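Hi everyone, thanks for making time. Let me put the sequence and the structure up on the screen.

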Amino acid sequence: PPRKGDHPQAEPAIVAQRLCDLLLSFPAAAACGVQWQVLARKYEERYSTRLDLEQLGHSSPLAAASALLWEVVRVVDATD
């Protein structure tokens, strides 16, 4: 269920662009990577909406990261 103050879920292309922009805002992202949990939390903080993977058509964080960030992400540890 939506939390108080949540905005509606954006279209997948917009979510993908937002996630990409957020990912690139982490200074160590290229060298050390960013955990999905951290990226999702920052997304929710910045855009005041829950990152609803199911609504975006993804069954897991790994599926979402692979589909939404395919141009800029290389999955290193699928357990996160």
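I'll start with the whole chain, then turn to one helix and one surface patch.

This is a predicted model, so local features need pLDDT of at least 70 and side-chain atom pairs count only at pLDDT 80 or more, while totals for chains, interfaces and linings use all residues. Residues are numbered from 1 along each chain as its sequence is written, and side-chain values use heavy atoms, with hydrogens and water left out.

Okay, the chain has four helices and zero strands; helices are DSSP runs of H or I with at least four residues, strands are E runs of at least two, and numbering goes from the N terminus. Of its 80 residues, 30% count as buried, meaning under 20% relative accessible area, with exposed over 50% and partly exposed in between (1.4 Å probe, protein chains only).

Now, α3. Its 12 residues, 36-47, should span 16 Å at 1.5 Å a residue, and the end C-alpha atoms are indeed 16 Å apart; the expected span is 1.5 Å times one less than the number of residues. In this helix W36, L39, A40, Y43 and Y47 are buried. They sit on the same side of α3, because they cover an arc of only 95 degrees around the axis, taken from the directions from the helix axis to the C-beta atoms. The buried residues of α3 pack against α1 (12-24) and α4. Just after α3, S48 takes a positive phi of about 50 degrees.

Last stop: V73, in the segment after α4 (61-68). V73 is partly exposed, with a relative accessible area of 30%. That's it from me!

Note on methods: Contact = heavy atoms within 4.5 Å.
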